[in-house]
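Okay, thanks everyone, I'll keep this short. Let me put the structure up, and then we'll walk through it together.

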Amino acid sequence: MKERKYKEDWVNETRLEEETGKEIRVPVYRGPAFQRVKGQGRRSMLLWAFLPWLFYVILILLYFRLFFPGSTVLYVFLPAALSLFPAFYWGLGLWGLLRSGGKKEKHRDRMTRLEKENGVGRVLRSSAGCVIFMAAALVGDLVFLCTSGQAAREGPGAAMLLAAMGLAAGTVNYFRKLNREMEDGRSDSGQELNP
């Protein structure tokens, strides 16, 4: 679906092939180009996407596996379980980040809008979704802590949910800043950017 959304960024041009002398149609990118993150910045970007995602998923699954009393209450369980859906897309965004610096793109210093949205954009939006679901789960858990009288047993579980929310919020802050930097370095000149 997203590929069709950005189809206007590409133009088919007819060119003469040097070896055979035949005319061929070549797709040429004419949309906005974004600066590619390289070197040490790329490593830290991948770490900021992967490690919080990994620990987030581990904390949520561990919360359910250890069977804290709050995990049996619908208003805590439901938002915490639903947060695994944006976490799945967060993982897909991580995959997009890994692919965006692949072998065939290493010669380019710019990336297409689709590459940016499938990597940085997806991690940003998905981790923000995780923050929202975790905030709802934490509010429910605080209500449960105040009304159930099981604060001693549920306290570590609430701490796990808070830690998961902190991981997602840190990722949102990092990728929001990175997205803003990429938008500032964007070129709309329509220069040729071959895939």
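So, start with this pair here: E183 and K116 make a salt bridge, and their closest N and O atoms sit 3.3 Å apart. E183 is in helix α6, residues 151–184, while K116 is in helix α5, residues 113–148, so the pair ties together parts that are 67 residues apart in sequence. Before I go further, please keep in mind that this is a predicted model.

Now, which of those two is buried? K116 counts as buried because its relative accessible area is 1%, and the cut-off for buried is under 20%. E183, on the other hand, comes out at 34%, so that one is partly exposed.

And K116 has another partner. K116 also forms a salt bridge with E117, with 3.1 Å between the closest N and O atoms. E117 is buried as well, at 16% relative accessible area. Then E117 goes on to R125: their side chains meet in a salt bridge at 2.8 Å, N to O. R125 has a relative accessibility of 43%, so we call it partly exposed.

How many salt bridges does the structure hold? Three. Put the pieces together and you get a network of salt bridges linking K116, E117, R125 and E183. As a general reminder, side chains of opposite charge can pair when their charged atoms come close.

Let me zoom out for a second. The chain has six helices and four strands, and along the sequence the pattern reads α-β-β-β-α-α-α-β-α-α. Of the 195 residues in the chain, 41% are buried. If you take contacts between residues at least 6 apart in sequence, 77% of them join residues at least 24 apart.

Okay, the core. The largest nonpolar core has 32 residues, and the ones that touch the most other members are Y56, L97, M134, L161 and F175. Which elements give two or more residues to this core? That would be α2 (39–65), α3 (74–82), α4 (84–100), α5 and α6. The largest share comes from α6, with eight residues.

If you want one residue to click on, try M134. Not counting residues up to four places away in sequence, M134 touches Y56, I60, A80, S83, L161, A164 and M165. Two of those names, Y56 and L161, you just heard in the list of core residues that touch the most other members.

A80 from that contact list takes us to α3. The buried residues of α3 are V76, P79 and A80. Looking down the axis of α3, those buried residues fall within an arc of 100°, so they line one face of the helix. For the general picture, an α-helix has 3.6 residues a turn, so residues three or four places apart point the same way.

While we're around here, have a look at the loop between α2 and α3, which is where F67 sits. F67 is not a glycine, and yet it has a positive phi of about 55°. Is F67 buried or exposed? It's exposed, because its relative accessible area is 54% and the cut-off for exposed is over 50%.

Next, the strands. Strand β1, residues 10–16, pairs with β2 in the antiparallel sense, over seven bridges. The two form a hairpin with six residues between them, and in the turn G21 has a positive phi of about 80°. One bridge to pick out: N12 is partnered with P27 in β2.

Also in β2, which covers residues 23–29, we find I24. Leaving aside neighbours within four places in sequence, I24 is in contact with E13, T14, R15 and E17. The C-alpha atoms of I24 and N12 are 9.7 Å apart, and those residues are twelve places apart along the chain. I24 is partly exposed, at 33% relative accessible area.

Last stop, the cysteines. How many disulfides does the structure hold? Zero. C130 has 0% relative accessibility, so it counts as buried, whereas C146, at 69%, counts as exposed.

That's my tour. If we go back to one picture for discussion, I'd pick the salt-bridge network of K116, E117, R125 and E183. Over to you.

Note on methods. Residues are numbered from 1 along each chain as its sequence is written. This is a predicted model: local features need pLDDT of at least 70, side-chain atom pairs count only at pLDDT 80 or more; totals for chains, interfaces and linings use all residues. Side-chain values use heavy atoms; hydrogens and water are left out. Buried means under 20% relative accessible area, exposed over 50%, partly exposed in between (1.4 Å probe, protein chains only). Contact means heavy atoms within 4.5 Å. A salt bridge is a side-chain nitrogen of Lys or Arg within 4 Å of a carboxyl oxygen of Asp or Glu. A nonpolar core is a set of buried Ala, Val, Leu, Ile, Met, Phe, Trp, Tyr and Cys residues joined through side-chain atoms within 4.5 Å. The arc is that of the directions from the helix axis to the C-beta atoms. Two strands pair if DSSP finds at least two bridges between them. A disulfide is a pair of cysteine sulfur atoms within 2.5 Å.
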